[in-house]
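Thank you all for coming. I would like to walk through one model this morning, taking it a piece at a time, and I will put it on the screen before I say anything about it.

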Amino acid sequence: MSIIRGEFSSRFGFVMAASGSAVGLGNIWGFPTQAASNGGAAFLLVYLILAFTLAYPALMAELIIGRHAHANAVSALRLVSPNRLIGNIGALAGIAGLVVASLILSFYAIVAGWMIAFFFASIADLFGIEALSVWLISFSTLRNIMFMLIFMALNVGIISAGVQGGIERWSTRLMPVLLTTLALLVIYVFTLDGALEGLRVYLLPDFSQILSPGLIINALGSAFFSLSLGVGTMLIYGSYIKDNENLPVVGGMVTLLDVMIAVLAGFLVLPAMYVALHSGVEIFTDSGDLISEDTLIFTVLPELFYAMGVTGIIVSLIFFFLMSVAAVTSSISMLEVPVAYAIEERGIDRKIATFGVGCVIALISCCILLNFETFFSAVIIFTTRYSQPLLGFVFCIYAGWVWQRDLLLRELRKGNPNISEGLFWKIWPWYVRLVCPLIILAIFVQSIWG
Ligand code: PHE
């Protein structure tokens with residue numbers, strides 16, 4: 001290919017970028033709220049098992065194919081195919097992946113826009129500009145569109161600067177900030193009354209739920225969403241890794257970081273809910289379940305912050321800053337998927353491609369916002385519940401069945417000449433071949449007919 005491709009400059013750069021992609025709203029918001037409503041530690045346990053036994057092998061499939069091809073998913077799946085027909089099917093899956101990545105970004109940008117609006121509302125509160133603060137936290141089409149656009153502009157700015165100048169540079173800056181902020185908030189929450197009650201709910205498993213299909217499907221969806229799988233994001237990040245890098249090790253680091261941060265976020269959000277209860281905020285729905293999803297982040301927590309006075313404003317500012325940072329490092333990885341395709345397959349200049357793709361996605365976000373009731377949850381369910389596991393399934397089939405095993409081994413040997421003697425090579429090939437596809441299919445079928 002004539003285009004000079006970007007490359008991560010170091011292992012640290014890759015691990016920060018890929019874990020930046022993985023760690024996002026899914027970890028800090030999705031995981032804790034799901035754990036809260038799915039049996040606490042029972043969900044945590046199933047999530048951990050699925051993350052290491054299913055999501056990690058699927059992540060490796062994407063990373064290895066990407067690194068081998070040093071290209072976007074469309075070319076990469078073609079390259080590992082033995083004939084034209086299978087190559088075309090792979091290319092189609094690659095295109096589906098980039099469509100799904102764009103759709104995920106279109107709703108993600110809306111939610112991230114709310115996070116930024118709430119962040120600015122805290123600043124307005126700090127300066128006593130109440131009218132502005134109320135406008136910023138109220139649901140209105142103007143506010144929604146405005147902050148979605150601000151968020152998209154941030155993404156376009158970073159991605160148009162390329163792999164090292166944009167993705168790596170910002171991920172290596174923002175990820176340490178994210179980790180520190182999260183850790184500080186967790187420590188702070190534990191000094192408040194009621195936190196231990198939340199900790200109890202989080203860590204005491206309700207095993208009656210552990211085998212419920214609902215719990216397992218949610219945990220699988222969470223694990224796939226959380227590791228950014230099934231849309232070609234990890235494949236394209238893998239394609240920017242240097243040839244001498246030991247892939248199973250860096251993939252393991254990314255999985256560990258992702259899981260650790262989700263678990264850590266649980267130590268923040270669940271105790272915070274019970275601190276809110278302690279300060280008189282309602283945290284249960286009429287049916288007795290814990291409030292989750294958008295009501296939790298945009299109602300329960302703000303009410304808690306409000307009850308805490310000036311300290312609450314500062315904590316709120318830090319919390320929504322954390323959410324916004326987590327959202328940016330993830331969303332840039334979604335944007336990179338269609339952008340890399342436009343650059344490599346259509347020969348478009350990076351800056352123009354980024355701007356063009358950014359505009360199209362912003363337009364889709366606008367359509368969702370203007371028909372919020374109809375489209376918002378529908379797009380989320382279509383992309384995260386169905387498309388991601390299904391496309392993840394396809395990537396596993398290409399890594400496990402389509403691609404020749406000796407070529408695959410050769411790719412892995414580049415970063416670790418003795419890999420065939422290790423545990424990874426003894427287990428993983430069978431995993432992507434049989435275990436991953438079968439389990440994904442079983443859970444998927446269950447989620448449709450169950
Ligand atoms: N992993 C991200 C999160 O947890 C979401 C994501 C999905 C990012 C798909 C890229 C691709 O929020």
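**Helix 1, the ligand and a few single residues**

Let me begin with a check on geometry: helix 1 covers residues 11–22, and because each residue should add 1.5 Å, its 12 residues should span 16 Å, which agrees with the 16 Å that separates its end C-alpha atoms. Please keep in mind throughout that this is a predicted model.

How much of helix 1 is covered? Mostly covered is the fair description, since 10 of its 12 residues are buried. The buried residues of helix 1 include Gly13, Phe14, Val15 and Met16, and Ala22 is also among them.

Ala22 brings us to the ligand, because I would next like to ask which residues are the closest to the ligand. The ligand is surrounded by 16 residues, and the closest are Ala22, Gly26, Tyr108, Phe225 and Ser226.

Turning to the polar atoms, a polar side-chain atom of Tyr108 is placed 2.6 Å from an oxygen atom of the ligand. On the nitrogen side, a polar backbone atom of Ser226 lies 3.0 Å from a nitrogen atom of the ligand, and an N or O atom in the side chain of Ser228 is 3.1 Å from a nitrogen atom of the ligand. Taken on its own, the ligand has 330 Å² of accessible area, and the protein covers 100% of that. The space that the ligand takes up is the largest cavity. As for what builds the shell around the ligand, the elements that contribute two or more residues are helix 1, helix 2 (25–37), helix 10 (213–226) and helix 14 (309–346).

Let me stay with Ser228 for a moment, and with its backbone. Most residues other than glycine have a negative phi. Ser228, however, has a positive phi, near 55°, and its place is in the loop between helix 10 and helix 11 (233–239). Is Ser228 buried or exposed? With a relative accessible area of 9%, Ser228 falls under the 20% cut-off and is therefore buried.

His70 also has a positive phi, in this case near 45°, and His70 sits in the loop between helix 3 (41–69) and helix 4 (73–79). Here the relative accessibility is 24%, so His70 counts as partly exposed.

Now to helix 16, which runs over residues 372–402 and contains Leu390. Leu390 has a relative accessible area of 35% and is therefore partly exposed. Leu390 and Leu363 are 27 residues apart along the chain, and their C-alpha atoms are separated by 26 Å.

Ser387 is found in helix 16 as well, and at 9% relative accessibility Ser387 counts as buried. What lies 2.7 Å from a polar atom of the side chain of Ser387? That would be the backbone oxygen of Phe382.

My last residue is Arg169, which belongs to helix 8 (residues 162–189) and, at 43% relative accessibility, counts as partly exposed. Along the sequence Arg169 and Ser331 are 162 residues apart, while in space their C-alpha atoms are 15 Å apart.

If you take one picture away from this predicted model, I would suggest the ligand, with 100% of its accessible area covered by the protein and with polar atoms of Tyr108, Ser226 and Ser228 placed at the distances I gave.

Definitions and conventions. Residues numbered from 1 in each chain as written. Predicted model: local features only at pLDDT ≥ 70, side-chain atom pairs only at ≥ 80, totals over all residues. Heavy atoms only, no water. Helix = DSSP H or I, 4+ residues; strand = E, 2+ residues; numbered from the N terminus. Expected span 1.5 Å × (residues − 1). Buried < 20%, exposed > 50% of the residue type's maximum accessible area, 1.4 Å probe, protein only. Near = heavy atom within 4 Å. Polar contact = N/O pair within 3.5 Å; in protein donor to acceptor, adjacent residues only side chain to side chain. Areas by Shrake-Rupley, 256 points an atom, 1.4 Å probe, with all protein chains shown as cover. 1 Å grid on protein atoms, 1.4 Å probe; cavity = no way out; pocket = protein on both sides within 12 Å on 5 of 7 lines; lining within 4 Å. Sits in = over half its atoms within 2 Å of the grid points.
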